[in-house]
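Q: I am new to this structure. Can we read through it together, one feature at a time?

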Amino acid sequence: MAETTRVCGMLGAGDSERVRRMARAAGGGEVVVERPGLLLIGSQGLRPRPATTGEAWAFSTATPDPAALGLSGSWEQAARDGDVAGVARTSEGTTVLHSSLSGVQPLYVEQTRDAVYFATRLDLLVDTASGPLTPDWNGWAQIIGIGAPLAGRTTVSGIRRLGPMEHLDVAPGGSPRSGRTAWPWEQITPEPGLTPEELTGDVVDALRDQVGQHAAGGPLQPMLSGGRDSRMLTGLAREAAVAAGAAPAALTAWTTSSDTGTTLEELTAARIAADLGIRQRIVSGRHDGFSQDFLDYAELTGHQASFHVWLMPVARELAAQAGTVLDGLGGGVFLGGGFPDDPQALADGAGPQRLLETRFGRLARYLQVAEELLAPGAADRLAAAGREDYTRIAEPLADHPQGATLTAYLTRTLPGISMAPAAVLGGSRPTAVPIMAHQVVSQALRLTHESKREGGWYPDLLRRVRPSFGEIPTAADLTTVRQHVRRGAALDAAVWYRELILGSPAAVLLGEKLRDGDAELWRRQLARTRAQHLIRGLALLALWLRRYEDRLTETDPTPLLRG
């Protein structure tokens, strides 16, 4: 597949010229279907899907071949088994727009009385909106305080992101109706006595199948960090290349610094690459290029997240390559037992309400420094806005056996972390996330969280892919102290952040320390992880206000200081 996934369209009776403007802004695309009640335009990432009745089209961050995968049934079956979003039109003329099982492929919608406009990029809808834009201050409170908007919120009122298995239907002559079909991952519960080792073979085989499907469509470009998930996928990419008759050295793995203040990511990845006999490209960012990286990342993510700014240099390099990028999204939360419940709370026999509180406390941990750094009232307002939508998501999962895992996925991985493969890497090349496949996650959810805690399953998974992998420690295992200044906490970055935010209406949110502090004080704050996240959120707001100031109903963010 030669192009990244770019899709926009309209269901119902609306303004077709707006859809064409979106398509031009996205770089063009083919009109796939245009008829009463449906206009669909997209790149090669938008593919026709066999349907038992009517017609259907599918897309994802790296769209598989729907026919080869047997995705010919209902949209629910295609969304589950292929993790694809799409459009389906029944023989009676009802049109359905649906998200995927994982929700990783972003799908933004604006619903009117008679139509639904949709796009895979938020800016396409925002930039073509006909009237003034109203900021979603709750969404912004979550971007600053948590790292990303929750519950489908975006930066703008009236435009939202569909969650997993959500859909909008429009019947001929009717108005749009929204719904959410049962989420298959929520219906899986752990099986007593089942050990991770009993499922290792099934999970590795499922990953191998996923990687093989993408290898059949062209070269693979695996991301290789110092962690576990990327080495598994890179090892399987090497298998696929060799099976196709290529030499291991024909495969290139891509590495960059995650800006943690060490070079252990690059060094550990180099050891993995050498063990596999493959090539490695290390793409390093420059201190004097940090501000441009942030600007580009903000644009690609619709100003909604800033978790992986450090990916921008390698994303630019990948844009010139062929084939599909492999990314290890989801490994930590589903395979590695990440984001567990508080052990003390569990030992105390905590009920659902206390578990909800401890899970929210972990999600909103950046706010622990908000009283120190932000204006009076901001910390409480940001926490309240985050808690409101968090509760809508987490409360139904409070006493679910996989509640900690699914809550972490829906409130952190999906809205924020998934932007890295979906929007940033996915903005350069088609980017596959094999671990997110139902065939993998459904197996992992059969296990108790405790059995996977602290990465306990990984040694067996790694050895099954390649025995030597289990003997090579991760970068995190080796990290003790920072060896050098992080790009995002360097003086150049501090000067840029300070000037940007102080020169913006967002400055009203600053507390006295940051408002009056010099660049050196800002640099020291940026060296603290929680403080850096708050400052990055304020920078996103400043950039967004500057970009849309002429179109916003208000540019004064003082609503973020009021309860």
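**Reading the fold and a pocket**

A: Yes. Keep in mind that this is a predicted model. Start with one annotated span. UniProt, in an unreviewed entry, places the feature "domain: Asparagine synthetase" at residues 204-465. The end C-alpha atoms of residues 204-465 lie 7 Å apart. This span is 54% helix and 7% strand.

Q: How many helices and strands are there in the protein?

A: The protein has 24 helices and 17 strands.

Q: What does the radius of gyration say about the protein?

A: Compare it with the value for a compact globule. For 563 residues that value would be near 24 Å; the protein has 23 Å, which agrees. Along its principal axes, the C-alpha trace spans about 65 × 60 × 50 Å.

Q: How many of the 563 residues count as buried?

A: Buried means under 20% relative accessible area. Here, 59% of the 563 residues count as buried. Contacts add to the picture. Take those with a separation of 6 or more: residues 24 or more positions apart account for 73% of them.

Q: How is empty space found, and what is in the second largest pocket?

A: Rolling a probe the size of a water molecule over the atoms shows where empty space is left. About 620 Å³ of space lies in the second largest pocket. It is lined by 28 residues; closest to its centre are Ala 151, Gly 152, Gly 163, Glu 166 and Ile 393. The elements giving two or more residues to this lining are β10 (159-161), α14 (378-394) and α15 (403-417).

Q: Which kinds of residues make up the lining of that pocket?

A: The lining divides into 15 nonpolar, eight charged and five polar residues.

Key. Residues are numbered from 1 along each chain as its sequence is written. This is a predicted model: local features need pLDDT of at least 70, side-chain atom pairs count only at pLDDT 80 or more; totals for chains, interfaces and linings use all residues. Side-chain values use heavy atoms; hydrogens and water are left out. On a 1 Å grid over the protein atoms alone, a cavity is a set of points where a 1.4 Å probe fits but cannot get out, and a pocket is an open set with protein on both sides within 12 Å along at least five of seven lines; lining residues have an atom within 4 Å of a point. Grid points are joined across faces, edges and corners, and a volume is the space filled by probe spheres set on the points. Helices (H or I, at least four residues) and strands (E, at least two) are DSSP runs, numbered from the N terminus. Ala, Val, Leu, Ile, Met, Phe, Trp, Tyr, Cys and Pro count as nonpolar, Asp, Glu, Lys and Arg as charged, and the others, Gly among them, as polar. UniProt positions are given in the numbering used here, feature names are shortened, and annotations may be inferred rather than shown by experiment. The radius of gyration is taken over C-alpha atoms; the globule rule is 2.2 Å times the number of residues to the power 0.38. Buried means under 20% relative accessible area, exposed over 50%, partly exposed in between (1.4 Å probe, protein chains only). Contact means heavy atoms within 4.5 Å.
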